[in-house]
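Trainee: Can we go through this entry together? I would like to work from the coordinates.
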Amino acid sequence: MATERDLYSVLGVGRDATDAEIKRAFRKLAQQTHPDVNREPGADERFKEINQAYQVLSDPQRRQAYDMFGTTGDGGDQGFGTGGGFGNFGDIFDAFFGGTQAGTRRGHPLAGADLRYDLRITLEEAVRGVDKEIEFTALGPCETCEGSGAAPGTEAVTCEQCGGRGEIRTTRRTMLGQMVNVSTCPRCHGEGKLITDPCPTCKGDGRTQRKRTLRVTIPPGIDEGHQIRLSNEGEAGPHGGPPGSLYVAVHVQPHAQLRREGTELAYDADVSIVQAALGTRITVPTVDGEEEVEIKAGTQPGTEIRLRGKGVPHLRRAGSRGDLHVFVNVVVPSKLSKRQRELLAEYAEEAGEPVSADGGILHRVRDALG
Ligand SMILES: [Zn+2]
Ligand SMILES: [Zn+2]
């Protein structure tokens with residue numbers, strides 16, 4: 001490989017030379033070294049060199065590329081770039097444009113697909129945590145060929161098209177120089193190997209559908225939509241490739257009486273106007289069983305009673321648990337018996353509250369007179 005000479009010094013101009021200066025310098029040198037006029041040995045080579053330097057420096061884009069990268073981008077056997085920090089032109093463009101590093105990728109088997117399993121659990125299970133056995137059918141390694149895809153006693157051979165690299169590199173010339181395009185080998189699909197004698201069981205794929213049983217540990221505090229990743233429990237990769245992951249998507253069934261928001265639970269407790277006024281004890285459902293709660297005399301609608309630590313555990317803070325919020329809902333009776341109506345009217349009179357059974361406005365006559 002010839003050592004590259006600086007193109008500016010070939011033409012005997014400075015790096016800041018104008019287009020006109022470059023043109024003038026070239027003409028002068030070309031006249032002196034042209035093989036038709038100069039019969040000295042080496043003149044031919046010298047003329048080529050001058051001509052080539054001019055081709056690059058007279059083209060604004062090629063000159064800019066040369067200033068940036070220090071090479072002409074002509075590649076071939078000119079030896080450009082040998083003195084620079086880059087091994088070859090492909091590497092320069094890889095470094096600047098984010099291509100694949102040359103030669104570092106080798107043929108490799110494809111990975112198996114990730115799988116998702118939707119698992120339904122109850123709120124109680126989400127609070128306490130649970131171990132669940134799940135059963136599903138997925139592609140696993142073929143038992144006949146142990147996943148290789150090659151018939152027993154045979155082996156996969158190196159792909160001739162890519163030489164086992166699994167990728168095809170094509171070089172393309174552009175104005176900025178050579179662009180190296182790396183693509184997956186179409187013959188072996190990037191694996192670098194080919195099976196000539198396929199396994200009769202899996203037809204060369206290396207995988208068969210198999211029933212699997214797995215135990216999944218659901219931690220306390222898990223919420224709707226959370227996913228548990230079980231690496232290597234997904235589909236097996238073809239031809240012995242690495243398996244994908246299994247994602248267990250957790251769905252927490254809505255509870256009949258309790259609402260959940262994160263670590264907090266809520267319960268609406270219906271009490272009658274009399275219970276709210278006189279006080280009572282009610283039973284509240286919790287994830288740990290029923291609990292008796294006192295409704296104090298004179299409890300107002302919307303009153304919140306908090307049962308500390310009766311909520312959902314924090315998923316990432318062991319021992320810490322949310323609360324159960326009991327909201328008191330005072331139910332006003334919509335139907336009254338005759339007797340109930342009389343008693344309430346009596347109560348109203350006692351309380352000094354004006355009421356009218358027929359919907360009219362009843363005035364307190366005594367007060368009005370008084
Ligand atoms: Zn097989
Ligand atoms: Zn190949």
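**Strands, zinc sites and a ring pair**

Mentor: Strand E4 (residues 167-174) and strand E5 (residues 177-184) pair in the antiparallel sense, over eight bridges. Bear in mind that this model is predicted.

Trainee: How many residues lie between E4 and E5 in the hairpin?
Mentor: E4 runs over residues 167-174 and E5 over residues 177-184. The two strands form a hairpin. The number of residues between them is two.

Trainee: Which residue in E5 stands opposite Arg173?
Mentor: Arg173 falls within the range of E4, residues 167-174. E4 pairs with E5 in the antiparallel sense. The residue in E5 opposite Arg173 is Gln178.

Trainee: Which residues coordinate the zinc ion (ligand 2)?
Mentor: The protein donors lie 2.2 to 2.3 Å from the zinc ion (ligand 2). Each donor atom is an SG. Along the sequence the donor residues follow C-x2-C-x22-C-x2-C. They are Cys159, Cys162, Cys185 and Cys188.

Trainee: What is the geometry at the zinc ion (ligand 2)?
Mentor: Four donors count as tetrahedral if all angles lie between 85 and 135 degrees. The angles among the four donor atoms of the zinc ion (ligand 2) are 104 to 116°. The site is therefore tetrahedral.

Trainee: Are Cys159 and Cys162 buried or exposed?
Mentor: Buried means under 20% relative accessible area. Cys159 has 1% relative accessibility. Cys162 also has 1%. So Cys159 counts as buried, and Cys162 counts as buried.

Trainee: What spacing do the donors of the zinc ion (ligand 1) follow?
Mentor: The zinc ion (ligand 1) is coordinated at 2.3 Å. Its donors are the SG atoms of Cys142, Cys145, Cys199 and Cys202. Along the chain the spacing is C-x2-C-x53-C-x2-C.

Trainee: Why is the arrangement around the zinc ion (ligand 1) tetrahedral?
Mentor: The test for four donors is that all angles lie between 85 and 135 degrees. The four donor atoms here subtend angles within that window, which makes the arrangement tetrahedral. The angles are 103 to 115°.

Trainee: What is the relative accessibility of Cys202?
Mentor: Cys202 is one of the donors of the zinc ion (ligand 1). So is Cys199, which is buried at 1% relative accessible area. Cys202 counts as buried too, because the limit is under 20%. Its relative accessibility is 8%.

Trainee: Turning to aromatics, how many aromatic pairs does the structure hold?
Mentor: The structure's count of aromatic pairs is two. In one of them, Phe26 and Tyr54 are stacked, at 4.1 Å centre to centre and with 5° between the planes. That pair links distant parts of the chain, 28 residues apart. Again, the number of aromatic pairs is two.

Trainee: Which helices hold Phe26 and Tyr54?
Mentor: Phe26 is buried at 14% relative accessible area. Tyr54 is buried at 16%. Phe26 sits in helix H2 (residues 19-33), and Tyr54 in helix H3 (residues 43-57).

Trainee: How far apart in space are Gln61 and Met175?
Mentor: Gln61 is in helix H4 (residues 60-69). It is partly exposed, with a relative accessible area of 40%. In sequence, Gln61 and Met175 are 114 residues apart. In space, C-alpha to C-alpha, they are 7.0 Å apart.

Trainee: Now the whole chain: how many helices and strands are there?
Mentor: The protein chain has 370 residues, and buried residues make up 36% of them. Among contacts between residues at least 6 apart in sequence, 62% join residues at least 24 apart. The secondary structure comes to nine helices and 15 strands.

Note on methods:
Residues numbered from 1 in each chain as written. Chains lettered and ligands numbered in written order. Predicted model: local features only at pLDDT ≥ 70, side-chain atom pairs only at ≥ 80, totals over all residues. Heavy atoms only, no water. Donors = N, O, S within 2.8 Å, 3.2 Å for Na, K, Ca; no water. Tetrahedral: all angles 85-135°; square planar, octahedral: opposite > 155°, others 65-115°. Buried < 20%, exposed > 50% of the residue type's maximum accessible area, 1.4 Å probe, protein only. Helix = DSSP H or I, 4+ residues; strand = E, 2+ residues; numbered from the N terminus. Contact = heavy atoms within 4.5 Å. Pairing = 2+ DSSP bridges. Phe/Tyr/Trp six-rings, centres within 6.5 Å; stacked < 30°, edge-to-face > 60°.
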